[in-house]
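Please open the model in a viewer and keep the sequence panel visible beside it. The tour below proceeds by selection, with each stop stating what is to be found there.

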Amino acid sequence: MVIAIALIAIFDKPNPVRKVLNETWLPFFVISLVALVIAPSFINALKTYLALLSYASVFALAITLIRNEEDYGRWISAVFLSSLIPVFFGFYDAALGGFASSNGFRINSTFNHPNILAFYLVLMISVGFYFYKAKVSFIPAWLRKSLPIYILIMFSLLLMTKTRSAWVACFVFFSVYAIIYERKYLVFIGLSLVGALMIPEIRDRVLDLSQGNEVVNYSKLNSYAWRKLIWEDGLNWMSPSHYFFGYGLESFRLYSVNFFSMAGGTQSGAHSVFVQLFFETGVFGLSAFIWLHLRVAMLLIPFYKTNKLMIFSGWMFLLEFAFYSYADNMLSYLSFNWYLWFVLGAVYAVNLSKHEKLILDSAKSD
């Protein structure tokens, strides 16, 4: 339905989205289509391909729906306020004992896994912080003043997900912001870091990376060492003849029982978008995926001088996604990708409308 609605929106009337999609998503989709054709399991590959199409569709819908600041305020407010449901349910989830995990207590709220909730919370924290610092007019003043409290509430849930990559991404977002714009925030960031490490479960989760880094008689590995092992096994198993176009979509999981030394007859995802795409779509698919994100970042460059904080946030969203993609199955997290790509599309669309309005006003004055 999302793909169908996007197609209607794209071809319904002249708009900039077709040009944007051609410059960003199209190369990746063409190569992924080849990977779909050669996939060992066509049905599973088709599901993945449709999911990827839906991410681009949500991105396109944001661009077609948002034509001015009023549209942006209405849609992005809906996106942000919808976070109330998973935030409140997160505490209910915590009260019930959370997500069953070998890493102890974790919560996943309304999402399928704690990692997805964590990535979503980082996105919502970043959007909320932009609302607060930019003093946006579409958020009532009383609500905007309450945003720091709401952000702190989301921080507490983020800690309970125990997702280290999301912790690091959130830390990087605020650290880079502080270094570039307001260095006084470095003090708060430092105090928050010390405070978090004083919580035993948080400290243990971080220290877990210091042990279980070697494979000795199939001993228990920490999560990062496990990831490195499956990456090495998968890449070493690849034939050079498949370096260009890979083995087809969803082939990594299917073939993992053949090459992963700790598979035990169970299929496993790559837990890295970069490794997965190289294995499944080859160097061409991986390059097209990287180009997609770089090109979106480049499209935002002309708007930086007129809207620094929003464009900075957009760039950080892309950087955070790249960081997550290094060690997680991000292409499988449909709900998070929909939120991310709608927000990115909204950032581009509202700034494009402002830019066009400035050009039009300048032409009229001349």
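Helices, as named in this tour, are DSSP runs (H or I) of at least four residues, numbered from the N terminus. The structure itself is a predicted model.

**First stop: a polar residue in helix H7**

Select helix H7, residues 114–134, and within it Asn115. Is Asn115 buried or exposed? Its relative accessibility is 9%, and because buried means under 20%, Asn115 counts as buried. Next, display the side chain of Thr163, which makes a polar contact of 2.9 Å with the side chain of Asn115. Beyond residues up to four places away in sequence, Asn115 touches Arg106, Thr163, Asp328 and Tyr333.

**Second stop: the two sides of helix H1**

Move to helix H1, residues 2–12, and select Ala6, Ala9 and Ile10, which are buried. These three cover an arc of only 100 degrees around the axis, and therefore lie on the same side of H1. Now select Ile8, Phe11 and Asp12: these residues are exposed, on the other side of the helix. To see what covers the buried residues of H1, add helix H2 (17–23) and helix H4 (42–65), which are included in that cover.

**Third stop: charged pairs**

Side chains of opposite charge can pair when their charged atoms come close. The structure holds six salt bridges, and the following selections show some of them.

Begin in helix H2 with Glu23 and Lys19, whose side chains meet in a salt bridge with an N to O distance of 2.5 Å. The two residues are four apart in H2, which means that about one helical turn separates them. Lys19 has a relative accessibility of 56% and so counts as exposed.

Keep Glu23 selected and add Arg295; their side chains also meet in a salt bridge, at 2.9 Å from N to O. Arg295 lies in helix H14 and Glu23 in helix H2, so this pair ties together parts that are 272 residues apart in sequence. Arg295 counts as buried, at 19% relative accessibility.

Then select Lys354 and Glu69, which form a salt bridge whose closest N and O atoms are 3.7 Å apart. Lys354 belongs to helix H16 (residues 334–365) and Glu69 to helix H5 (residues 69–81), so the pair ties together parts that are 285 residues apart in sequence. Lys354 is partly exposed, with a relative accessible area of 26%, and Glu69 also counts as partly exposed, at 47%.

Which residues are joined into one network by salt bridges that share partners? Selecting Lys19, Glu23 and Arg295 together displays that network.

**Fourth stop: the loops on either side of helix H13**

Select the loop between helix H12 (223–237) and helix H13 (251–259), where Tyr247 is found. Tyr247 is buried, with a relative accessible area of 11%. Leaving aside its neighbours within four places in sequence, its contacts include Ile38, Ala39, Pro40, Trp237, Met238, Phe279 and Glu280. Ser239 is another of these contacts, and its backbone nitrogen lies 2.8 Å from a polar atom of the Tyr247 side chain. For a sense of scale, mark the C-alpha atoms of Tyr247 and Phe111: they are separated by 30 Å, and the residues are 136 apart along the chain.

Glu250 is found in the loop between H12 and H13. Its phi is near 65 degrees, a positive value in a residue other than glycine. At 18% relative accessibility, Glu250 counts as buried.

Continue to the loop between H13 and H14, and select His271. His271 is not a glycine, yet has a positive phi of about 55 degrees. Its relative accessible area is 18%, and His271 is buried.

**Final stop: a nonpolar patch on the surface**

Switch to a surface display and select Leu33, Val34, Val37, Ile38, Tyr243, Phe244, Phe245, Val283 and Phe284. These residues form a nonpolar patch, with about 780 Å² of accessible area together. Helix H3 (26–37) and helix H14 (273–300) each supply at least two residues of the patch. Which helix provides the largest share? That share, three residues, comes from H3. Leu33 lies in H3 and counts as partly exposed, at 40% relative accessibility.

Definitions and conventions
Residues are numbered from 1 along each chain as its sequence is written. This is a predicted model: local features need pLDDT of at least 70, side-chain atom pairs count only at pLDDT 80 or more; totals for chains, interfaces and linings use all residues. Side-chain values use heavy atoms; hydrogens and water are left out. Patches are made of residues with over 30% relative accessible area and no salt bridge: like charges are joined within 9 Å, nonpolar side chains (Val, Leu, Ile, Met, Phe, Trp, Tyr) within 5 Å. Accessible areas come from the Shrake-Rupley method with a 1.4 Å probe; for residues, only the protein chains shown count as cover. A salt bridge is a side-chain nitrogen of Lys or Arg within 4 Å of a carboxyl oxygen of Asp or Glu. Buried means under 20% relative accessible area, exposed over 50%, partly exposed in between (1.4 Å probe, protein chains only). A polar contact is a pair of N or O atoms within 3.5 Å; within protein, one must be able to donate a hydrogen and the other to accept it, and residues adjacent in sequence count only if both atoms are side-chain atoms. Contact means heavy atoms within 4.5 Å. The arc is that of the directions from the helix axis to the C-beta atoms.
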